[in-house]
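Student: Before accepting any structural label, I would like to see the value set against its definition. Could we go through this model in that way?

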Amino acid sequence: MSRMSRSVLKAILLVLMRVLYRPVVEGVEHIPAEGPVILAGNHVTFIDSLFLSLVVDRQVYFIGKDEYVTGKGFKGRLMAWFFTTCGMIPVDRDGGHGGVAALMTGRRVLEEGRIFGIYPEGTRSPDGRLYRGRTGIARLALMTGAPVIPFAMIGTDKVQPGGTGMPRLAPVKVRFGTPLDFSRYEGMDRDRYVLRAVTDEVMSQVMHLGGQEYVDIYATKAKAA
């Protein structure tokens, strides 16, 4: 997608968002104006990525299911244009190598000096609580040396309860924390204890920013139960 189409779409959505939701944004000054950055936060509803993209001046790139951009007909092309313009990079996450593909895609984005947004829980929270983070976030940080800026989406679960249906009007706040530097673990991206420690530190900051109750199990396991 051209930069012009992204700029036009973002400008239109930004006006609508500000008029309808008037989101409160805190700590956005912590995001550097250039260079690789990992934005890591909670995930409570489908619309989280849209709000995050709109409150950050720089383009934020995300991993998304390839099914979002493979639809047929006019509706399918419109959805593909919308999601890719918003910064989504389609990846087949259901295959046996989905996790590796997502990790390598994130690494490429960061090595190009861009912003990569990630939800360490790996999926949307099934009940609004914050679940255990997966260590892909730690591997990305240690492989690339990019700083991690934690963030919390607050109120988006009221905008789109259950992650489906038409968005509703509700107060929204996006809160960014100070950058986390993990350079002290350079070269240790294969040490599982280090990866867990880094991931837990990120999730601790996300919990502090959003005030969610923390559950020390994976969200996928909670959904399965």
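**Strands, rings and charges**

Tutor: Let us begin with the sheet, where Val-25 stands opposite Val-174, a residue of β8. The model is predicted, so local features need pLDDT of at least 70 and side-chain atom pairs count only at pLDDT 80 or more, while totals for chains, interfaces and linings use all residues. Residues are numbered from 1 along each chain as its sequence is written, and side-chain values use heavy atoms, with hydrogens and water left out.

Student: What makes β1 and strand β8 partners?

Tutor: Two strands pair if DSSP finds at least two bridges between them, and β1 is joined to β8 (residues 173-176) by three bridges, so the criterion is met, with the two strands running parallel. The strands themselves are DSSP runs of E with at least two residues, just as helices are runs of H or I with at least four, both numbered from the N terminus.

Student: Why are β1 and β4 called edge strands?

Tutor: The sheet is open, has seven strands with mixed pairing, and follows the order β1-β8-β7-β2-β5-β3-β4. Both β1 (24-26) and β4 (88-91) pair on one side only, and that makes them the edges. From one strand to the next the twist averages 25°, where axes are lines fitted to C-alpha atoms, for helices over the stretch in contact, and angles run from 0 to 180 degrees between N-to-C directions.

Student: Which strands does α7 touch where it packs on the sheet?

Tutor: Helix α7 touches β2 (37-41), β7 (148-154) and β8, and its direction makes about 35° with that of β7.

Student: How do you know that the rings of Tyr-119 and Phe-151 form an edge-to-face pair?

Tutor: Rings of Phe, Tyr and Trp (its six-membered ring) pair if their centres lie within 6.5 Å, and planes under 30 degrees apart count as stacked, over 60 as edge-to-face and the rest as tilted. Here the centres are 6.3 Å apart and the planes stand at 70°, so the rings of Tyr-119 and Phe-151 pair edge-to-face. Tyr-119 belongs to the loop between β5 (115-118) and β6, whereas Phe-151 belongs to strand β7, so the pair ties together parts that are 32 residues apart in sequence.

Student: And why is the pair of Phe-151 and Phe-176 called tilted?

Tutor: For Phe-151 and Phe-176 the centres are 6.2 Å apart and the planes at 50°, which falls between the two angle limits, so this pair is tilted. Under the same rule there are four aromatic pairs, and ring pairs link Phe-62, Tyr-119, Phe-151 and Phe-176 into a cluster.

Student: What makes Phe-176 a buried residue?

Tutor: Buried means under 20% relative accessible area, exposed over 50%, and partly exposed in between (1.4 Å probe, protein chains only). Phe-176 has 3% relative accessibility and therefore counts as buried, as does Phe-151 at 0%.

Student: Why is helix α2 described as largely enclosed by the rest of the structure?

Tutor: Seven of the eight residues of α2 (residues 48-55) are buried, so the description follows; among them are Asp-48, Phe-51 and Leu-52. Thr-156, in helix α6 (residues 156-159), is buried at 0%, and outside its neighbours within four places in sequence its contacts (heavy atoms within 4.5 Å) include Asp-48 and Phe-51.

Student: Why is the meeting of Asp-216 and Arg-132 called a salt bridge?

Tutor: The rule asks for a side-chain nitrogen of Lys or Arg within 4 Å of a carboxyl oxygen of Asp or Glu. Asp-216 and Arg-132 have an N to O distance of 3.4 Å, so the pair qualifies. Asp-216 lies in the loop between β9 (214-215) and α8 (219-224), and Arg-132 in the loop between β6 (130-131) and α5 (136-144), so the bridge ties together parts that are 84 residues apart in sequence.

Student: How many salt bridges does this rule give?

Tutor: The count is eleven. One of them joins Asp-200 to Arg-196 at 3.0 Å, two residues that sit four apart in helix α7 (residues 192-210), about one helical turn. Asp-200 is partly exposed at 32%, whereas Arg-196 is buried at 15%.
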